[in-house]
Amino acid sequence: MAMETAAPTKFAVLIFPGFEPLDVFGPVEIIQTLSSHKPMSLYWISSSTSPALDPVSTLVPDDLPITKPAFLNNVKNPNAGATVVPTHTLAAPPDDVDVLLVPGGWGAFSHALGPTVEYLRATYPKLKYMISVCNGAELLAQAGVLEGRRATCDKVLWAHNTTMHPGVRWDKKPRWVIDGKVVTSGGVSAGLDMALGWVAHVWDEGLAREIANVVEYEWRNDPNFDVFAYVW
């Protein structure tokens with residue numbers, strides 16, 4: 001358990017067009033509830049390089065070039081989504097972030113995320129924790145953050161992610177993995193379990209269970225077992 005004086009207080013979520021809603025809103029629910037117990041600020045950082053705080057949609061824009069894995073080519077993009085108005089963009093990101101959450105989603109396949117990957121690479125040394133959900137791990141891998149580390153990601157894209165980044169010590173069975181200050185989780189819903197596991201890691205399991213009870217969530221608290229490793 002981390003010392004209370006060393007506990008993080010400034011949490012940021014990196015969002016890009018086509019981010020997966022539950023990758024973000026699951027962990028944010030946990031952070032919001034945590035802020036009733038611990039001091040916590042929350043920033044929303046858009047992947048845009050413009051200073052304009054334009055809303056970011058969970059849907060992939062028609063003009064955004066993406067390359068999906070071949071087996072998903074026949075899967076239609078969603079057409080009903082949500083938008084988030086960011087507090088910052090990559091043009092002027094906050095400089096005091098302790099924890100950065102990187103989601104996955106259809107938009108993570110975008111060819112336009114070069115500045116985002118560069119931001120991850122530059123920001124990682126300053127953070128107390130960098131966290132990914134689902135195929136957000138692939139963006140961390142592109143930034144070199146996962147090189148030589150044990151990590152996991154969504155199981156449906158397992159072959160795609162692991163073959164592209166062989167220098168990562170990929171582990172398919174875990175629901176989430178904490179390797180130093182890098183936290184990776186399985187797909188979508190796994191972000192909720194990981195967020196509670198992260199709270200238990202930084203503070204204590206009692207607080208994590210209290211938060212789970214408040215949000216009436218049945219926490220899958222074994223980080224080393226993800227049933228979807230067997231489903232997929």
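1. Ser-132 is found in strand E7, which spans residues 129-132, and the model in which it is described here is a predicted one. The residue is buried, because its relative accessible area is 0%, where the cut-off for burial is under 20%. If neighbours within four places in sequence are left aside, the residues in contact with Ser-132 are Val-102, Ala-137, Leu-140, Val-183, Thr-184, Ser-185 and Met-194.

2. Lys-126 belongs to the loop that lies between helix H2 (114-123) and E7. With a relative accessibility of 65%, Lys-126 counts as exposed, since the term applies over 50%. Not counting residues up to four places away in sequence, Lys-126 touches Val-97 and Lys-181. As for its separation from Arg-209, the two residues are 83 residues apart in sequence, and their C-alpha atoms are 29 Å apart in space.

3. Helix H6 covers residues 205-214, and its buried residues are Leu-207, Ala-208, Ile-211 and Ala-212. Why can these four be assigned to the same side of H6? They cover an arc of only 140 degrees around the axis, and this places them on the same side of the helix. Asn-213 and Val-214, by contrast, are exposed on the other side of H6. Among the elements that cover the buried residues of H6 are helix H1 (21-34) and helix H5 (190-202).

4. The ends of H6 deserve a separate comment. At the N-terminal end, Asp-204 acts as the cap of H6, with a side-chain oxygen that lies 3.0 Å from the backbone nitrogen of Gly-206. After H6 comes Glu-216, for which phi is positive, near 55 degrees.

5. The packing of H1 against H6 can be described in some detail. Two packed helices are described by the angle between their axes together with the distance between those axes. For H1 and H6 the angle is about 110 degrees and the axes are 10 Å apart. H1 is therefore roughly perpendicular to H6, a description that applies to angles of 65 to 115 degrees. On the H1 side the contact is made by Ile-30, Thr-33 and Leu-34, and on the H6 side by Leu-207, Ile-211 and Val-214. Classified by type, the residues of this contact comprise five nonpolar, one polar and no charged.

6. Points 3 and 5 may be read together. Leu-207 and Ile-211 are listed among the buried residues of H6 and also take part in the contact with H1, whereas Val-214 takes part in that contact and is nevertheless exposed.

Terms used: Residues numbered from 1 in each chain as written. Predicted model: local features only at pLDDT ≥ 70, side-chain atom pairs only at ≥ 80, totals over all residues. Heavy atoms only, no water. Buried < 20%, exposed > 50% of the residue type's maximum accessible area, 1.4 Å probe, protein only. Helix = DSSP H or I, 4+ residues; strand = E, 2+ residues; numbered from the N terminus. Arc of directions from axis to C-beta. Contact = heavy atoms within 4.5 Å. Polar contact = N/O pair within 3.5 Å; in protein donor to acceptor, adjacent residues only side chain to side chain. Axes fitted to C-alpha atoms, helices over the stretch in contact; angles between N-to-C directions. Parallel < 35°, antiparallel > 145°, perpendicular 65-115°, else oblique. Nonpolar A, V, L, I, M, F, W, Y, C, P; charged D, E, K, R; others polar.
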